[in-house]
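Subject: A structure to look through

Dear colleague,

Here is the structure I promised to hand over. Please open it beside this message and follow along as you read.

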Amino acid sequence: MAVYEGPVQALIDELGRLPGIGPKSAQRIAYYLLKAAPEDANRLAHAITEAKARVRWCTRCFNVAEGELCAFCRDDRRDPTLVCVVEEPRDIVAVERTHEFHGRYHVLQGAISPIEGIGPEQLRVKELVRRVGEEDVTEVILATNPNIEGEATAMYLAKLLKPLGLRVTRIASGLPVGGDLEYADEVTLGRALEGRREVDA
């Protein structure tokens, strides 16, 4: 038997299906929405239905887009010879915050994960290879996450793209600014040593 009235339990169940929201958080959000003014709840519902109705995947890079192409693909000021490969659209936001990258993107929409049954066929890999062949891309930057899945994806893509005569690079990963060496794990520290640069005196 459900603890709550039908619609309340249904709301909690649906909220609980969202990533990162456990049963307690789902309950808290549900009660917040029930106490909120009707116009606030309706505004949220409208935003969700509008996003689902109007947002789709960019036909070139598979970022979120309102039209056929996303804002980055439509921007003529961006360097079309440089493509940064990321796992998810939200990773673009992180790269853009650096103000260091002025090329275009390609979103894989995931990473290779045999445990979850995700192989290259489930990702936008074919589209990346086709795009590199059709466009004047000279460098592909692999900006997948520095975890097991991200590393496996980067290695797979490097093997696939290198024979095409491209420059294939991987983002360096290492110690965060303000971090202490004694707290760094060996993988992070090893990566920081690998990615070391010449010091300008």
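On helix α2, the face turned away from the buried side carries exposed residues, namely K24, R28, Y32 and K35. Before going further, please keep in mind that this is a predicted model, and that everything below was computed from it.

The buried residues of α2 are A26, A30 and L33. When you look down the axis of the helix, these buried residues fall within an arc of 65°, so they line one face of α2. As for what lies against that face, the buried residues pack against α1, which covers residues 6–16, and against α3, which covers residues 38–54. You can also check the length of the helix for yourself: α2 runs through residues 23–35, and at 1.5 Å a residue its 13 residues should span 18 Å, which agrees with the 18 Å that separates its end C-alpha atoms.

L33 is a good residue to select if you want to see this packing in detail. This leucine has its place in helix α2, and because its relative accessibility is 18%, while buried means under 20%, L33 counts as buried. Leaving aside neighbours within four places in sequence, L33 is in contact with L11, L15, A41 and L44. For one of these partners a C-alpha separation was also computed: L33 and L44 are 11 residues apart along the chain, and their C-alpha atoms are separated by 9.4 Å.

Helix α1 can be read in a similar way. Its buried residues are V8, Q9, I12 and L15. They cover an arc of only 130° around the axis, which puts them on the same side of α1. Helix α2 is included in what covers these buried residues.

Next comes the largest pocket, which holds about 960 Å³ of space. Which elements give two or more residues to its lining? They are α5 (89–97), β5 (139–142), β6 (167–170) and α8 (186–194). The lining is made up of 27 residues, and those that lie nearest the centre of the pocket are I141, R170, I171, A172 and S173. Sorted by class, the lining has 10 nonpolar, 7 polar and 10 charged residues.

In the loop between β6 and α8 you will find P176. With a relative accessible area of 56%, P176 is exposed, because exposed means over 50%. P176 and A192 are 16 residues apart in sequence, while their C-alpha atoms are 9.7 Å apart in space.

Two residues deserve a careful look for their backbone angles. Most residues other than glycine have a negative phi. F62, however, has a phi near 70°, a positive value although the residue is not glycine, and Q109 likewise has a positive phi, near 65°. F62 lies in the loop between β1 (56–57) and β2 (64–65), whereas Q109 lies in the loop between β4 (103–107) and α6. Are these two residues buried or exposed, or something in between? F62 counts as buried, at 9% relative accessibility, whereas Q109 is partly exposed, with a relative accessible area of 21%.

F62 also appears among the contacts of E127, a residue that lies in helix α6, which covers residues 125–134. Not counting residues up to four places away in sequence, E127 touches F62 and H106. E127 counts as buried, at 16% relative accessibility.

Finally, there is A71, which is found in helix α4, made of residues 71–74. At 48% relative accessibility, A71 counts as partly exposed. A71 and C58 are 13 residues apart in sequence, and 9.1 Å lies between their C-alpha atoms.

If you would like a place to start, please select A26, A30 and L33, the buried residues of α2, and then turn the helix to find K24, R28, Y32 and K35 on the face away from the buried side.

With best wishes

Note on methods: Residues numbered from 1 in each chain as written. Predicted model: local features only at pLDDT ≥ 70, side-chain atom pairs only at ≥ 80, totals over all residues. Heavy atoms only, no water. Helix = DSSP H or I, 4+ residues; strand = E, 2+ residues; numbered from the N terminus. Expected span 1.5 Å × (residues − 1). Buried < 20%, exposed > 50% of the residue type's maximum accessible area, 1.4 Å probe, protein only. Arc of directions from axis to C-beta. Contact = heavy atoms within 4.5 Å. 1 Å grid on protein atoms, 1.4 Å probe; cavity = no way out; pocket = protein on both sides within 12 Å on 5 of 7 lines; lining within 4 Å. Points joined across faces, edges and corners; volume = space filled by probe spheres on them. Nonpolar A, V, L, I, M, F, W, Y, C, P; charged D, E, K, R; others polar.
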